[in-house]
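Reader: Hi! Could you walk me through this one?
Author: Happy to, here it is.

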Amino acid sequence: METYALLLASTLNAGTVLAIASLGLLINEKVGIVNLGAEGMMLCAAIAGFATVVTTGSDVMGFAAGMTVGAVLAAVFGVLVIWLNTNQYATGLALTLFGTGFSAFVGTNFVQARMPERPTFAIPYLSDIPLVGPALFRHHPLVYLTVAFAMVLIWFMYRTRSGLIMRSVGESPESAHALGYPVRRIRLAAVVAGGALCGLAGAYLSVVYTPLWVEGMVAGKGWIALALTTFATWRPARVLLGAYLFGGVTMLQFHLQGIGVDVPSQFLSMLPYVSTIVVLALISRNPQWIRINMPASIGKPFYPGA
């Protein structure tokens, strides 16, 4: 039973990284923008967050630095694709390539660096419950804030006027523009917000999940987060569920190795990526279902003068 409790705890921890990044990308895609630069933004934010915590000793400052870096990179991406109408896919890939190289260059001096002693977190009384306490109530506060944010995002998108406007921009930017809404500014605000969340995910990765800096440490999580938005059919609650599902698959490989399962480690390391491909292949069998849920203008440029 203790093994299952440990697996559940590690699943929540690993899934939080994917959940934060996926929710950020979901916000982007709800207004019709596809950002393939999540991997690069997360890497830059990871080194920014780690370096800040090493220097200041403050987790809050580290998260703020990661979010700032993610927001700035997303703003550059947004200006290019929203105002200059560059190709969204090519610009996103360029951002990932830039972030990969830039983070490796900046992080050279922090490879061997160590953060100050980490605080431990536990919810009083609940954390003392046998098995359940260690599994659910001894996590970093950001784990619980991520779940709360997903609930707030659901309320915002489907129960508020601002959320309706945001979704209308993703469904029909021409109609929203005809009604007088600033489509480009709304899209840019959503892109910056999504970038900040990707930055927070990168900072959480280097500050909490694996408190160190290693070149390329995001290891494809940005791409998995991107796939999760499609897997979840652009629904926040499903994004959360999918993130923890993939987090569980990621941690399962380590637990299988720990209990001595006689399978080559390379095959176990493939599990998260293979499961991503399998899920996307299964979803793609019903293109009409994807088409019904997908924002109509996703990936398409907007020309207000057309």
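Author: Let's start with a helix pair: H3 passes H9 in a right-handed crossing, helices being DSSP runs of H or I with at least four residues, numbered from the N terminus. A crossing is right-handed if the near helix is turned clockwise from the far one by less than a right angle, and left-handed if anticlockwise.

Reader: Which residues make up the contact of H3 with H9: nonpolar, polar or charged?
Author: They divide into 18 nonpolar, six polar and four charged. Ala, Val, Leu, Ile, Met, Phe, Trp, Tyr, Cys and Pro count as nonpolar, Asp, Glu, Lys and Arg as charged, and the others, Gly among them, as polar.

Reader: And at what angle do the axes of H3 and H9 cross?
Author: Roughly 145°, and the axes of H3 (residues 59–83) and H9 (residues 183–209) come within 6 Å. Axes are lines fitted to C-alpha atoms, for helices over the stretch in contact, with angles from 0 to 180 degrees between N-to-C directions.

Reader: Before we go on, where do these values come from?
Author: This is a predicted model, where local features need pLDDT of at least 70 and side-chain atom pairs count only at pLDDT 80 or more, while totals for chains, interfaces and linings use all residues. Residues are numbered from 1 along each chain as its sequence is written, and side-chain values use heavy atoms, leaving out hydrogens and water.

Reader: What pLDDT does the chain average?
Author: The average is 89, and 95% of the residues score at least 70; pLDDT is the predictor's confidence in each residue, from 0 to 100. Among the elements of the chain, H3 has the highest mean, 97, and helix H13 (residues 287–293) the lowest, 71.

Reader: Back to H9, how many of its residues are buried?
Author: 21 of the 27 residues in H9, which is mostly covered. Buried means under 20% relative accessible area, exposed over 50%, and partly exposed in between (1.4 Å probe, protein chains only). H9 reaches 37 Å from its first C-alpha to its last, close to the 39 Å expected at 1.5 Å a residue, the expected span being 1.5 Å times one less than the number of residues.

Reader: What about H2, how many residues are buried there?
Author: H2 has 16 of its 19 residues buried. Helix H2 covers residues 38–56 and reaches 26 Å, close to the expected 27 Å. Gly57 follows H2 with a positive phi, near 80°.

Reader: New topic: how many aromatic pairs are there?
Author: Two, with rings of Phe, Tyr and Trp (its six-membered ring) pairing if their centres lie within 6.5 Å; planes under 30 degrees apart count as stacked, over 60 as edge-to-face and the rest as tilted. Phe98 and Phe102 are stacked, 5.3 Å centre to centre with 15° between the planes. They sit four residues apart in helix H4 (residues 88–106), so about one helical turn separates them.

Reader: And Phe231 with Phe246, stacked or edge-to-face?
Author: Edge-to-face, at 5.7 Å centre to centre and 90° between the planes. This pair links distant parts of the chain, with Phe231 in helix H10 (residues 221–231) and Phe246 in helix H11 (residues 236–258). Phe246 is buried at 4%, whereas Phe231 is partly exposed at 21%.

Reader: Which loop holds Trp234?
Author: The one between H10 and H11. Trp234 has a positive phi of about 60° although it is not a glycine, and is buried, with a relative accessible area of 2%. Most residues other than glycine have a negative phi.

Notes:
Helix = DSSP H or I, 4+ residues; strand = E, 2+ residues; numbered from the N terminus.
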